[in-house]
Amino acid sequence: MEKSLAHNEKRLLNTLKKRAENAFLRGNYEESLKQYSNAMVLQQSDTESHVGLLLADLAADYETESKALYDYYQVLKRENRAGADKILLNLVESFDGNLSKMAAMTQIINALNIDRNDGILYSDFKKHLEQSNNFKEACEDMIFSTRIILTSREEFIEFLEILVEHGFAQMALVYLDEVYDKMSFDSKMGEICSKILNAQ
């Protein structure tokens, strides 16, 4: 009897989550929120429902970013199912309206499987910033609207330095976290890390 109840509960939970996900993909975030809420009532510890609930809630004000995070979540689930929920929860819960931080997250997500023809080179990004009177607005506009292609380690380091110098230390930290285990660290990278941490 207990096994039958547990099986029915699991089946209902999966049905609710499927409805919620389909609503999210259709852009019906209110319905998605409702279905994920129902799933959470049924099983409060279900982290997948928690992630979906947060993404549906976020989409009301930041639709593009929420969709990008959803796509990233699908990639994470394919690569590392056990850690996917935790990573997304940390990303979404740490976003408190900080556009710079969300812009950095979106940029990283968009960089997955990047097509060189679908973005601008870092050199063009720099030119755009130099021609603008407002670095902060120009930087956020570019990161939200396009992909920045960094073609070398030197460009990456320079990009981090520019971000820190102009008050985007949090954004620089997100970029650094993304490549931490993929790049060798020398004295120059150590210097950048110190600048980022001191600016927090």
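## Overall picture

Of the 200 residues in the protein chain, 44% are buried. The model is a predicted one, and helices dominate the list of its elements: there are 11 helices and 2 strands. Following the sequence from start to end, the elements come in the order α-α-α-α-α-α-β-α-α-β-α-α-α.

Contacts that reach across the sequence are well represented here. Taking the contacts with a separation of 6 or more, 63% join residues 24 or more positions apart.

## Where to trust the model

Before looking at individual helices, it helps to check the confidence. The protein chain has a mean pLDDT of 75, with 72% of its residues at 70 or more. Among the elements, H2 has the highest mean pLDDT, 90, while helix H6 (residues 99–110) has the lowest, 56.

One stretch deserves some caution: over residues 112–117 the pLDDT stays under 50. For these residues the model has 8 contacts beyond four places in sequence.

## H2 against H3

Let us start with the pair that includes H2. Helix H2 (residues 29–42) packs on helix H3 (residues 47–59) at an angle of about 155°, and their axes are 9 Å apart. Since that angle is over 145°, the two helices are roughly antiparallel to each other. The crossing of H2 past H3 is left-handed. On the H2 side the contact is made by Tyr29, Ser32, Leu33, Tyr36, Ser37, Ala39 and Met40, and on the H3 side by Glu48, Ser49, His50, Gly52, Leu53, Ala56, Asp57 and Ala59. Sorted by class, this contact has 8 nonpolar, 5 polar and 2 charged residues.

Ser32 is a nice residue to pick out in this helix. Ser32 lies in H2 and counts as buried because its relative accessibility is 0%. What does Ser32 contact, leaving aside its neighbours within four places in sequence? The partners are Ala20, Ala23, Phe24 and Ala56, and Ala56 belongs to the H3 side of the helix contact.

## H9 between two partners

Helix H9 takes part in two of the packings described here, one with H7 and one with H11. The axes of helix H7 (residues 122–131) and helix H9 (residues 153–165) come within 11 Å and cross at roughly 25°. That angle makes H7 roughly parallel to H9, and their crossing is left-handed. Tyr122, Phe125 and Lys126 in H7 meet Glu155, Glu158, Phe159 and Ile162 in H9. This contact has 4 nonpolar, no polar and 3 charged residues.

With H11, helix H9 packs at an angle of about 20°, the axes being 10 Å apart. H9 is therefore roughly parallel to H11, and H9 passes H11 in a left-handed crossing. Here H9 contributes Arg153, Phe156, Ile157, Leu160, Glu161 and Val164, while H11 contributes Lys188, Met189, Ile192, Lys195, Ile196 and Ala199. By class, the contact of H9 with H11 has 8 nonpolar, no polar and 4 charged residues.

## A closer look at Met189

Met189 sits in helix H11 (residues 187–199). Is Met189 buried or exposed? Met189 counts as buried, because its relative accessibility is 0%.

Met189 also shows how the chain brings separated positions together. Met189 and Ile157 are 32 residues apart in sequence, and their C-alpha atoms are 7.3 Å apart in space. Both residues are among those that make the contact of H9 with H11.

Technical notes. Residues are numbered from 1 along each chain as its sequence is written. This is a predicted model: local features need pLDDT of at least 70, side-chain atom pairs count only at pLDDT 80 or more; totals for chains, interfaces and linings use all residues. Side-chain values use heavy atoms; hydrogens and water are left out. Axes are lines fitted to C-alpha atoms, for helices over the stretch in contact, and angles run from 0 to 180 degrees between N-to-C directions. Helices (H or I, at least four residues) and strands (E, at least two) are DSSP runs, numbered from the N terminus. Angles under 35 degrees count as roughly parallel, over 145 as roughly antiparallel, 65 to 115 as roughly perpendicular and the rest as oblique. A crossing is left-handed if the near helix is turned anticlockwise from the far one by less than a right angle, and right-handed if clockwise. Contact means heavy atoms within 4.5 Å. Ala, Val, Leu, Ile, Met, Phe, Trp, Tyr, Cys and Pro count as nonpolar, Asp, Glu, Lys and Arg as charged, and the others, Gly among them, as polar. Buried means under 20% relative accessible area, exposed over 50%, partly exposed in between (1.4 Å probe, protein chains only). pLDDT is the predictor's confidence in each residue, from 0 to 100.
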